[in-house]
Amino acid sequence: MSISFTYLSGRLTVYLSGELDHHAARETMQKITELLDEYLPRRCVLDLSGLRFMDSSGVALIVRLSRRMRELGGTLCVENPVGQARRVLSCAGVDKLVHFATIGG
Amino acid sequence: MNIRNYISIDFPSCSANEAFARAAAAAFASQLDPTMEELGDIRTAVSEAVTNCIVHAYPRELGRIRMRLRILDEDTLDIAVRDWGVGMENVQKAMEPLYTTGGEERSGMGFTIMQSFTDSLHVRSQPGKGTTVSMRRRIFRRNRIG
């Protein structure tokens with residue numbers, strides 16, 4: 001599991017790659033929370049295009065991030081979930097809670 | 001019911017073994033020539049079941065988890081994930097969507113995902129004795145030989 005990010009005029013984009021399970025979720029949440037506290041973005045974009053696997057631990061992480069962004073007066077958007085991660089998200093109904101987008105697809 | 005092949009693996013409930021368990025299940029299932037999507041479903045279901053043992057069955061200590069995989073008849077993968085942990089009073093309640101005792105780090109969607117990614121799901125649990133989650137997933141034949 002690895003994280004990288006870019007920040008540009010109020011928009012923080014966090015790129016997740018690897019496998020997001022319970023083992024990886026706590027550290028991932030901590031890193032993203034630190035980024036949110038540092039940049040206080042109006043919009044946080046979670047780019048999942050590099051994610052090879054995700055389970056319900058990832059669902060919990062997205063729900064928590066969405067809540068945190070609302071507390072900050074901003075919004076969370078999930079971009080480019082592919083294959084298995086997309087099916088887990090739609091099974092858990094996350095697409096009704098968080099804005100989803102596919103860029104260039 | 002014809003059992004064509006099986007494995008059983010015991011491992012401790014440390015979270016690093018979540019990735020191991022789903023990789024082992026995918027490797028065993030590969031003899032049924034699954035599609036990438038079917039493999040993804042199997043990995044997801046196993047990950048949820050094993051994570052439940054780690055988070056809920058053994059909340060304060062490491063315990064033993066047993067994953068048994070069987071090939072039934074020509075095309076069905078049978079998955080059983082067993083623990084000897086705290087068990088559940090009310091299995092039906094635990095299986096309700098969004099219900100969790102795991103706090104905000106858990107989504108309460110584990111059983112819903114297991115149910116939706118497999119063909120059948122059975123949970124047996126006894127407080128103080130442990131829990132067994134059994135799932136079956138049919139892998140559709142394509143051009144399999146043997």
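Axes here are lines fitted to C-alpha atoms, for helices over the stretch in contact, and angles run from 0 to 180 degrees between N-to-C directions. The exercises below concern a predicted model.

**Exercise 1. State how the axes of α1(A) and α2(A) are placed relative to each other, and classify the pair.**

Step 1. Two packed helices are described by the angle between their axes and the distance between the axes.

Step 2. For α1(A) and α2(A), the axes come within 9 Å and cross at roughly 15 degrees.

Step 3. Angles under 35 degrees count as roughly parallel, so α1(A) is roughly parallel to α2(A).

Step 4. The handedness of the crossing of α1(A) and α2(A) is right-handed.

Step 5. On the α1(A) side, the contact is made by His22(A), Ala25(A), Thr28(A), Met29(A), Ile32(A), Thr33(A) and Leu36(A). On the α2(A) side, the residues are Ser57(A), Gly58(A), Leu61(A), Arg64(A), Leu65(A) and Arg68(A).

Step 6. Sorted by class, the contact of α1(A) with α2(A) has six nonpolar, five polar and two charged residues.

**Exercise 2. Do the analysis for α2(B) and α4(B): give the angle, the class and the residues in contact.**

Step 1. Helix α4 of chain B covers residues 110–117, and α2(B) packs against α4(B) at an angle of about 150 degrees, with the axes 9 Å apart.

Step 2. Angles over 145 degrees count as roughly antiparallel, so α2(B) is roughly antiparallel to α4(B).

Step 3. The crossing of α2(B) and α4(B) is left-handed.

Step 4. From α2(B), the contact draws on Asp41(B), Thr44(B), Ala45(B), Glu48(B), Ala49(B), Thr51(B) and Asn52(B). From α4(B), the contact draws on Gly110(B), Ile113(B), Met114(B) and Phe117(B).

Step 5. The class division for this contact of α2(B) with α4(B) is five nonpolar, four polar and two charged.

**Exercise 3. Reconstruct the sheet of chain B: in what order do the strands lie, and which strands stand at the edges?**

Step 1. Strands of a sheet pair through backbone hydrogen bonds, either parallel or antiparallel.

Step 2. β2(B), residues 64–72, pairs with β3(B), residues 76–83, in the antiparallel sense over eight bridges. One bridge position is Ile65(B), whose partner in β3(B) is Asp83(B).

Step 3. β3(B) and β5(B) also run antiparallel, joined by eight bridges. Here Leu77(B) has Arg137(B) of β5(B) as its bridge partner.

Step 4. β4(B) and β5(B) pair in the antiparallel sense over seven bridges. In this pairing Ser120(B) is matched with Arg136(B) of β5(B).

Step 5. The hairpin of β4(B) and β5(B) has three residues between the strands, and Gly128(B) takes a positive phi near 80 degrees there.

Step 6. The complete order in chain B is β1-β2-β3-β5-β4, an open sheet of five strands with antiparallel pairing.

Step 7. β1(B) (3–12) and β4(B) (120–126) stand at the edges; each has a single partner strand, so one side of each is left without a neighbour in the sheet.

Step 8. On average, with direction ignored, neighbouring strands of this sheet are turned by 10 degrees against each other.

Step 9. Helix α2(B), residues 36–57, lies across β2(B), β3(B) and β5(B) (130–138) and runs at about 10 degrees to β3(B).

**Exercise 4. Set out the element order and overall dimensions of chain A and of chain B.**

Step 1. Chain A contains three helices and five strands, which follow the pattern β-β-α-β-α-β-α-β along the sequence.

Step 2. Chain B contains four helices and five strands, running β-α-α-β-β-α-α-β-β from the N terminus on.

Step 3. A compact globule of 105 residues would have a radius of gyration near 13 Å; chain A has 12 Å, which agrees. The C-alpha trace of chain A spans about 30 × 25 × 25 Å along its principal axes.

Step 4. For 146 residues the globule rule gives 15 Å, and the radius of gyration of chain B is 15 Å, so chain B is as compact as a globular protein of that length. The C-alpha trace of chain B spans about 45 × 30 × 30 Å along its principal axes.

**Exercise 5. Describe the contact between chain A and chain B: how many residues does each chain give?**

Step 1. Chain A gives 19 residues and chain B gives 21 residues.

Step 2. On the chain A side, α1(A) (22–39), α2(A) (56–71) and α3(A) (83–91) each supply at least two residues.

Step 3. The largest share of that side, six residues, comes from α2(A).

Step 4. The side of chain A that touches chain B has eight nonpolar, six polar and five charged residues.

Technical notes
Residues are numbered from 1 along each chain as its sequence is written. Chains are lettered from A and ligands numbered from 1 in the order in which they are written. This is a predicted model: local features need pLDDT of at least 70, side-chain atom pairs count only at pLDDT 80 or more; totals for chains, interfaces and linings use all residues. Two residues are in contact if their C-beta atoms, placed from the backbone, lie within 7 Å. Ala, Val, Leu, Ile, Met, Phe, Trp, Tyr, Cys and Pro count as nonpolar, Asp, Glu, Lys and Arg as charged, and the others, Gly among them, as polar. Angles under 35 degrees count as roughly parallel, over 145 as roughly antiparallel, 65 to 115 as roughly perpendicular and the rest as oblique. A crossing is left-handed if the near helix is turned anticlockwise from the far one by less than a right angle, and right-handed if clockwise. Two strands pair if DSSP finds at least two bridges between them. The radius of gyration is taken over C-alpha atoms; the globule rule is 2.2 Å times the number of residues to the power 0.38.
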